[in-house]
Amino acid sequence: MQQTAGSLPIYLQITELLIRDIAAGRLIDGEKLPPEREMAENLGIAVGTLRKALSELQAHGMLERVQGSGNYIRAVSDPKSVYAMFRLELLEGGGLPTAEVLDVARMRKPDGLPRFGTSADAHRIRRLRRLSGKPAAIEEIWLDGSYVDRIEPEDLSESLYLYYRTRIGLWIVRAEDRIGLDVVPDWSPEAFRPLPGAATVHVLRISEDQEGRRAEISRTWLDHEVARYVSRLK
């Protein structure tokens, strides 16, 4: 596992991977994890990095470390994950999300989107999303222009919502997802398997900020042979 510009620290990537595996039921409550050295070797990371990730998981209340026995999973209903609002998983469950920024531009809001924000402009962010390295979806995010004047591609982290909170003081607190079918847009990169014009699953998300204002509209086209949309009620 490698860290690239804009990505989460490796220990947080591991933490998020484990959280998503727990949410997907790939790791169950009470399950004992492999010995730390074996687990670190399987993940291709240093033992110290793994221990930092496990400490983070313990802070979330999702791990119990028993002296002389090992590490045990403790599933909780609301883990406060960086990707808590990211609903895509691999078909087999889980998968670490990563994002490749394709384009960032500030422009007039296009016709056809639901109404949002107070500015006539919006920041359009296009990204390729991968799950554990597999191209899984493309997304087009429209952030109302009132929150920030300019967004540089290199400023964006793997988690856009984390960038919002830490860089521009915006908290996305709720969202409405509308799921249907749409055709893959012509700006889709070659790495995304469904070709432009092909019909695929589409998610329109309307997101609200901490003041209850519509802050963002996003559109996601997913590869149904790689990923699925999951919403769990607990």
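A salt bridge is counted here when a side-chain nitrogen of Lys or Arg lies within 4 Å of a carboxyl oxygen of Asp or Glu, and one such pair is formed by the side chains of Glu100 and Arg130, with 3.1 Å from N to O. The model is predicted, so local features need pLDDT of at least 70 and side-chain atom pairs count only at pLDDT 80 or more, while totals for chains, interfaces and linings use all residues. Residues are numbered from 1 along each chain as its sequence is written, and side-chain values use heavy atoms, with hydrogens and water left out.

**Domains and their interface**

- The protein is divided into domain 1 (10-73) and domain 2 (88-229), with bounds that come from an automatic or database domain assignment, and the C-alpha centres of the two domains lie 29 Å apart.
- Seven residues of domain 1 are in contact with ten residues of domain 2, where contact means heavy atoms within 4.5 Å.
- Between them the two domains bury about 630 Å², of which 56% is on carbon and sulfur atoms; buried area is the accessible area (1.4 Å probe) that two parts lose on being put together, summed over both.
- Of the area that domain 1 buries against domain 2, Leu17, Arg20 and Arg26 supply 68%, more than any other three residues.
- Across this interface the rule finds zero salt bridges, but it does find two residue pairs in polar contact, both at pLDDT 80 or more.
- A polar contact is a pair of N or O atoms within 3.5 Å; within protein, one must be able to donate a hydrogen and the other to accept it, and residues adjacent in sequence count only if both atoms are side-chain atoms.

**Salt bridges**

- By the rule given at the start, the count comes to 22 salt bridges.
- In the pair named above, Glu100 lies in strand E4 (residues 97-108) and Arg130 in strand E5, so the salt bridge ties together parts that are 30 residues apart in sequence; helices (H or I, at least four residues) and strands (E, at least two) are DSSP runs, numbered from the N terminus.
- Glu100 counts as partly exposed at 35% relative accessibility, and Arg130 is also partly exposed, at 22%, given that buried means under 20% relative accessible area, exposed over 50%, and partly exposed in between (1.4 Å probe, protein chains only).
- Asp144 and Lys109 meet through their side chains in another salt bridge (2.6 Å, N to O), and because Asp144 lies in strand E6 and Lys109 in the loop between E4 and E5, the pair ties together parts that are 35 residues apart in sequence.
- Both Asp144 and Lys109 are buried.

**Residues in loops**

- Pro153 is placed in the loop between strand E6 (134-144) and helix H4 (160-168), and is partly exposed with a relative accessible area of 36%.
- Leaving aside residues up to four places away in sequence, Pro153 touches Val101 and Val104, and its C-alpha atom is separated by 7.4 Å from that of Asp103, 50 residues apart along the chain.
- Ser132, in the loop between strand E5 (121-131) and E6, has a phi near 50°, a positive value in a residue other than glycine.
- Asp223 is found in the loop between strand E9 (214-222) and strand E10 (227-229), and is buried, with a relative accessible area of 2%.
- The residues that Asp223 touches, not counting those up to four places away in sequence, include Pro135, Phe192 and Thr200.
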